[in-house]
Amino acid sequence: MEGVTSLVRGHRHLFSNVSDIVVRVPSARSHFHLFRAITTTADGHRHLYFGRTGLSINGTGAFGGGPNHFHRVDVLTQFTNGHRHRINGTTTTNRVIRDSRP
């Protein structure tokens, strides 16, 4: 995931991370990912953010994986200097990595 946070108090932060743990959801024939990272520094501070993606979109197979799947993301950063930012968007499509199926 990568992008720019919402504008708050006249500034934004860049964010970039790789999702970590894959959680299978057999009842939905899908999966989601957990992630945790820190934004870039702007206006003298940075923010921790973490969360989980939505279920896979455009996935194939028993758990919705495959090279063209992606996930929606909508989280708020932790409070720093009395405010927080929204991170909203989608993950990039899956890069083919051998044995990386959910």
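Strands, as the word is used here, are DSSP runs of E with at least two residues, numbered from the N terminus. With that in hand, the predicted model can be explored from its overall build down to two individual residues.

The protein chain contains seven strands and zero helices. Read from the N terminus on, the elements therefore follow one another as β-β-β-β-β-β-β. Along its principal axes, the C-alpha trace spans about 45 × 25 × 20 Å. Of the 102 residues in the protein chain, 33% are buried. The accessible surface of the protein chain amounts to about 6,400 Å², and carbon and sulfur atoms account for 51% of this area. Contacts across the sequence are also part of the picture: among those between residues at least 6 apart, 46% join residues at least 24 apart. As for charge, the protein chain carries 13 positive and 5 negative side chains, with the centres of the two sets 5 Å apart.

A good place to begin a closer look is the pairing of S3 and S4. Strand S3 covers residues 22–25 and runs antiparallel to S4, to which four bridges join it. Within this pair, Arg 24 is found opposite His 31 of S4. The two strands form a hairpin, with four residues between them. In the turn of this hairpin, Arg 29 has a positive phi of about 50°.

Just after S4 comes Thr 39, which belongs to the loop between strand S4 (30–38) and strand S5 (48–52). Thr 39 counts as buried because its relative accessibility is 4%, and the cut-off for buried is under 20%. Leaving out residues up to four places away in sequence, Thr 39 touches Thr 5, His 13, Leu 14, Arg 46, His 47, Tyr 49 and Thr 77. One of these residues, His 13, also shares a polar contact of 3.5 Å with Thr 39, formed between the two side chains.

The next loop, between S5 and strand S6 (72–76), holds Leu 55. Leu 55 has a relative accessible area of 35%, so this residue is classed as partly exposed, a term for values between the 20% limit for buried and the 50% limit for exposed. Apart from neighbours within four places in sequence, the residues in contact with Leu 55 include Val 25, Ala 28, Ser 30, His 31, Phe 32, Phe 70 and His 71. His 31 thus appears twice in this account, as a contact of Leu 55 and as the residue opposite Arg 24. Leu 55 and Thr 41, by comparison, are separated by 14 residues in sequence and by 30 Å in space, C-alpha to C-alpha.

Note on methods: Residues numbered from 1 in each chain as written. Predicted model: local features only at pLDDT ≥ 70, side-chain atom pairs only at ≥ 80, totals over all residues. Heavy atoms only, no water. Buried < 20%, exposed > 50% of the residue type's maximum accessible area, 1.4 Å probe, protein only. Polar contact = N/O pair within 3.5 Å; in protein donor to acceptor, adjacent residues only side chain to side chain. Contact = heavy atoms within 4.5 Å. Areas by Shrake-Rupley, 256 points an atom, 1.4 Å probe, with all protein chains shown as cover. Lys, Arg positive; Asp, Glu negative; His and termini not counted. Charge placed at Lys NZ, Arg CZ, Asp CG, Glu CD. Pairing = 2+ DSSP bridges.
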